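Open the model in your viewer and keep a selection box at hand. We will go from one stop to the next, saying what to select and what is there.

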Amino acid sequence: MDGKVKKQKQHQQKHSGPKAEKKKLKKKNDSVEEDERKRNPKAFAVQSAVRMAKTFHRAQDIKTKKHHIPIVDRTPLEPPPIVVVVVGPPKVGKSTLIRCLIKNFTRQKLTDICGPVTIVSGKKRRLTFVECNNDINTMIDVAKVADLVLMLIDASFGFEMETFEFLNICQVHGFPRIMGVLTHLDAFKNNKTLRKTKKNLKHRFWTEVYQGAKLFYLSGMVYGEYQNQEVKNLGRFISVMKFRPLVWQTSHPYVVVDRLEDLTDHERVRTDPKCDRTVSLYGYLRGTHLKNKGQVHIPGVGDFQVSDVNFLPDPCPLPDTQKKRALNEKERLLYAPMAGVGGVVYDKDAVYIDLPASHVRQLQEEVRPTTELVQSLIETHVTLDAKMAASKVSLFSGSASLDPTDINDESGEQEGHREMRVWDSNTQRERRKVVFTGGEKEEQSDFSGSSSDEDDDSSESDQEDQEQDEDEKNIASHAPPVKKQKLEEIKGESEVIPEVLAFADSEDELEKSEAESEGEDEAERAGDSGHSSEESKEESDEEENEDEVMEEETGTAKGYDSEEEEQGALKWKEGLQQKATEAFLRHQEAAPNLRKQVYGSVVEADDSEEDNEEEELGGLFRVSRPQKSKKVQANALDCSHFNPDTSHNWDLEEMLNSIRDCFVTGTWEEGQDAAVLLKEDEELYGDFEDLETGKVHKGSTGEEDQAEESEIDGDEADEDGGVKVDDEEVQKNKRLEKKRRLKERFNAEYDDDDATYFDDLKEEMQKQAELNRAEFEDMDDESRVQYEGFRPGMYIRLEISSLPCEFVTNFDPHYPIIVGGLSTSEGNVGYLQMRLKKHRWYDRILKTRDPLILSLGWRRFQTIPLYHIEDHNGRHRLLKYTPQHMHCGASIWGPITPQGTGFLAFQSVSGVKANFRIAATGVILDLDKSVTIVKKLKLIGYPYKIFQNTCFIKGMFNTVLEVAKFEGASIRTVSGIRGQIKKALSTPPGAFRATFEDRLLMSDIVFLRSWYPVPVPQLYNPITSLLLPVGQKDTWSGMRTLGQLKHDLGIRNKPSTDSLYKTITRAPRHFNQLHIPKELQKALPFKSKPKLQQLKGKTPRDLKRPSVIREPHERKVVELLRALSTVHNYKKKAAHTVHHAKHKEFLQQKEKEEEAKLKRKKDAQKKLYRIMGQRDQKKLRSSLKGTTKDD
């Protein structure tokens, strides 16, 4: 480019066409409206103050509704991939949708979705797709880490219970972004039914999520995939979606594991298969910063201590940090190690090689040296020594293979010219390079330095050769035009000259160069520094260019005349100084790298730049390219190991400017700048005369003096050149900057503009975010990690020791592994106070002391809760069951979790049940044992001696000590008479004296109502579902409830004898009559005096009437009279009935007559009133006529 910057093509505005016409019309209308406003301002004034106030209020309401509480933006510059969780019932199309989205973004197909799949979806965004299977444990775990949820709904079936369960899980653990996707719409044949179903499902979805939630429709499938346009629209929405940070995620570090390696010693595993394992877990760090040696929790496994954390190169980098030309561009956009996609994976201590998966089988058919090398590494069956002895090396594609014996034979025959075949991508043909031996050792050693690079070039694929065309054309442009013809002549020769390897000057140098190449490969992958630096790269590139120019010269040398050959004999004298320098530097290169020997592996300063400039070959080798201009790293590596950069041309102005500030006259800091200090001296000391030259120097007093001097001494100013002008410009800019700052300060103090509290708050948060970013911006990653820990967005490797062996042996990639970081207090276990409410859709109430499975924080565990409710006096009373439709308190023994954290409760997580599985939801209130739960306890006693209002009671207590503890306690009887415990009695033990409001009876029962503290059961049983065998991970079952135990064991309840119903036999009670003293009777009024209740005195025997005994005749007469009276009474009663009926008829007749009479009377009155009214009207008319006549 030669320093030229390629200018972007400017946008040309349209001058004709519909868009241009619209713009012109709009511009014209705006100007007309402005003119009307100026011409007639009253017409555009406020018509109604009330309407204007309403409009203003509405606008303010809409504006305020958009406000969220500002949060400091802590997202790193390279944020981690967004976790997209695809949720839905079985057979609803989850895997198909993920495959279609991956194909949409990366143009690749995945056959099986195993584990997280990370892809690059845009310049600044990456996505990690996670499929959630139909297991409640997986649904709970992925809801805690999801940024976006794609909720698939089978439209042909409707909503299923899994959908509502997942929505409720999300509501508790922090609601991520949720987008609904309707599938199986092609099952509807009727269009009207389809529209109606869509509408119903949409409104029900809005009810659960929020009004206006996005719902996508996948209308049908084409060849087993969803339609491209619909998937593209869904992908666009995912790519541009914004996210609000969730509290739990932003306060805890966590890793969604996408790769797992078992590091346990194989011998130990062989001897003891059940031993604990040391495992490396890999993934992107999300949430907040992670400290090394911290405590983490793996849901489904347990709590563990991290033994080591390292950060690795990003396996799926964003395009702006990625190389411009990558070898495996297709695979680089997609990273899914568990699904077998990702190629060669570099680790801290190993290199893992994955053969391409089934979707790239066509690449295996192509003959590529990298694939053959990988396969040969994998299929190794013999030892390295045997293989080296029998091995043959082919350095270049298409060249003959060499045995070790051949090399030994040819090593002595290094005189004369030898050839080497090289494929030239420019001319698309094989070129034979001349290798000089013997006397020209210096050039040959230089050539050996670059031969490995060219060897890598030859082994690259055709695709990369085409990508390199531009670079090679630029290099070849400096060659003479004779080059092509001469090479064609050389190619035309019939004889094939055997190839000879180009060796280094010494064995030490050769070993060193091999070690360097290996070190570079490993360092750039695993983050450790190798032996390469930017200086060495630039030098190697310069050597390459020199070698290529040398080839071209030597290629054309054969065609010259004999005179030129004679002149060439004297060429050895040319450049002796340069040759001596190169020989000295080669000697220095043989020295070991002191820095690496002292400090070990050294971290390279800027890995990202090297990644941008270098290209991989099969993931094993590096191909160095001509570097662009880079800053020289001063402390990069041991400079004694590499050639110094001697290519500085000090005639250039740029090179002079680069060291100008190293001298006294350079531009330093404000207080140390020589020019500024001289000016200050002039202002301080004023005029002075140079005694040596006799020249008088006048001090400048101000800007005016400077201006006058510049006018007078114009010639001197011209001589000084641009330095003085530059100083004036700097001073002027400083004054302008100072004025601008003063103006801004004044405006900020006195001009409010439209700034609100919300804007100020946002600005404050923005400043804080910028400050956070700028704090460690200039640090390298190694130093930065030591200060702030591993930041979100890094691809890290966590090494965890003492993991159960079942975690590795029963590993299933379809179940996601999440590593959640714990704070210092969250690793402890203690008492938790919670507020809990039974879910309205759960069909059973919950019983105290029944084991319950909780999802709290990262953990899932089983515990025994005690339910209680707070009374008005602050007492926490134990409840036997949870109340319906209201909250209650709950106390458990579990892991310490921050207050305000939500939790879910389940009674079982095994299998799939028809009913709703979420039993309760709630939130953590407190983290201590301050709440004492009490239960009611009734103590019963019986009176055995009764005085007036005092009685002795026994059977309530057993000892005098128990009575002493309850002295002064209030007691009462069943009939409601209240009393108080006074003092214990000596005999019988446990008896006491008590006083009551009234006299007790011996049949009364006395009871004392007390409160007994209940301890919280200490059960914390973590759910270890990931340790179960494959296919049984959803069958975890913990402690069973009492009801389940009795049902499983066939135990029937034996009721208490007191609880059984009995026949109640109540003896009749005789109550004493009320006795009123005679004195009180006298004082009472007459109506309150007892009258009927007065006892009659006994009738004397002589006053009693004697009983009459009738004769038989008399008895007959009495019976006859009784019969006659009965007949008479009957006749009398019948006659009375007849008379009553006649009287009733008479009354009805009389009533009718009265009604007729009343009607006649009303008619007569109407007639009379009508006549009277007519008469009055006639009088009125006559009177009116008379008045008119008088007038």
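## First stop: an enclosed helix

Select α4: ten of its ten residues are buried, so this helix is largely enclosed by the rest of the structure. Buried here means under 20% relative accessible area, exposed means over 50%, and partly exposed is in between, with a 1.4 Å probe and protein chains only. Helices (H or I, at least four residues) and strands (E, at least two) are DSSP runs, numbered from the N terminus. This is a predicted model, in which local features need pLDDT of at least 70 and side-chain atom pairs count only at pLDDT 80 or more, while totals for chains, interfaces and linings use all residues. Residues are numbered from 1 along each chain as its sequence is written, and side-chain values use heavy atoms, with hydrogens and water left out.

The buried residues of α4 include Ile136, Met139, Ile140 and Ala143. Now pick Thr138, which sits in α4 and is buried, with a relative accessible area of 3%. What does the side chain of Thr138 make a polar contact with? The partner is the side chain of Asn133, at 3.0 Å. (A polar contact is a pair of N or O atoms within 3.5 Å; within protein, one must be able to donate a hydrogen and the other to accept it, and residues adjacent in sequence count only if both atoms are side-chain atoms.) Show the contacts of Thr138, meaning heavy atoms within 4.5 Å. Beyond its neighbours within four places in sequence, you will find Cys132, Asn133, Tyr815 and Pro816.

## Second stop: the nonpolar cores

A nonpolar core is a set of buried Ala, Val, Leu, Ile, Met, Phe, Trp, Tyr and Cys residues joined through side-chain atoms within 4.5 Å. In soluble globular proteins, nonpolar side chains tend to be buried together.

Select Val85, Phe166, Ile169, Ile178, Phe205 and Phe906: within the largest nonpolar core, of 47 residues, these touch the most other members. Colour the elements that each supply at least two residues of this core, among them β1 (82-87), β4 (148-154), α5 (161-173), β5 (177-183) and β31 (902-906). A separate core of 33 residues lies apart from this one, and Ile82, Leu218, Ala336 and Ala339 are among its members.

Centre the view on Ile169 and hide its neighbours within four places in sequence. Its contacts are then Ile136, Met139, Ile140, Ala143, Leu904 and Ile918.

## Third stop: a two-sided helix

Next, select α6 (191-208). At 1.5 Å a residue, its 18 residues should span 26 Å, and the end C-alpha atoms are indeed 26 Å apart; the expected span is 1.5 Å times one less than the number of residues.

Which residues of α6 are buried? They are Leu194, Thr197, Leu201, Phe205, Trp206 and Glu208. These residues cover an arc of only 160° around the axis, which puts them on the same side of α6; the arc is that of the directions from the helix axis to the C-beta atoms. Rotate to the other side of α6 to see Lys192, Arg195, Lys196, Lys199 and Thr207, which are exposed. The buried residues pack against β4, α5, β5 and β6 (215-217). Before leaving, zoom in on the start of α6, where a side-chain oxygen of Asn190 comes to within 3.2 Å of the backbone nitrogen of Lys192.

## Fourth stop: some loops

- Pro337 is in the loop between β14 (334-335) and β15 (344-346) and is buried, with a relative accessible area of 14%. Draw a distance to Asp258: the two C-alpha atoms are 6.6 Å apart, although 79 residues separate them along the chain.
- Arg107 lies between α3 (94-106) and β2 (117-120). It has a positive phi of about 60° although it is not a glycine, and it is exposed, with a relative accessible area of 61%.
- Arg849 lies in the loop between β25 (829-838) and β26 (852-856). Its phi is positive, about 70°, and Arg849 is partly exposed at 43% relative accessible area.
- Pro988 belongs to the loop between β36 (978-984) and β37 (992-996). The peptide bond from Thr987 to Pro988 is cis, with omega near -15°.

## Last stop: zoom out

Show the whole chain. It holds 36 helices and 39 strands, and 35% of its 1191 residues count as buried. Among contacts between residues at least 6 apart in sequence, 72% join residues at least 24 apart.
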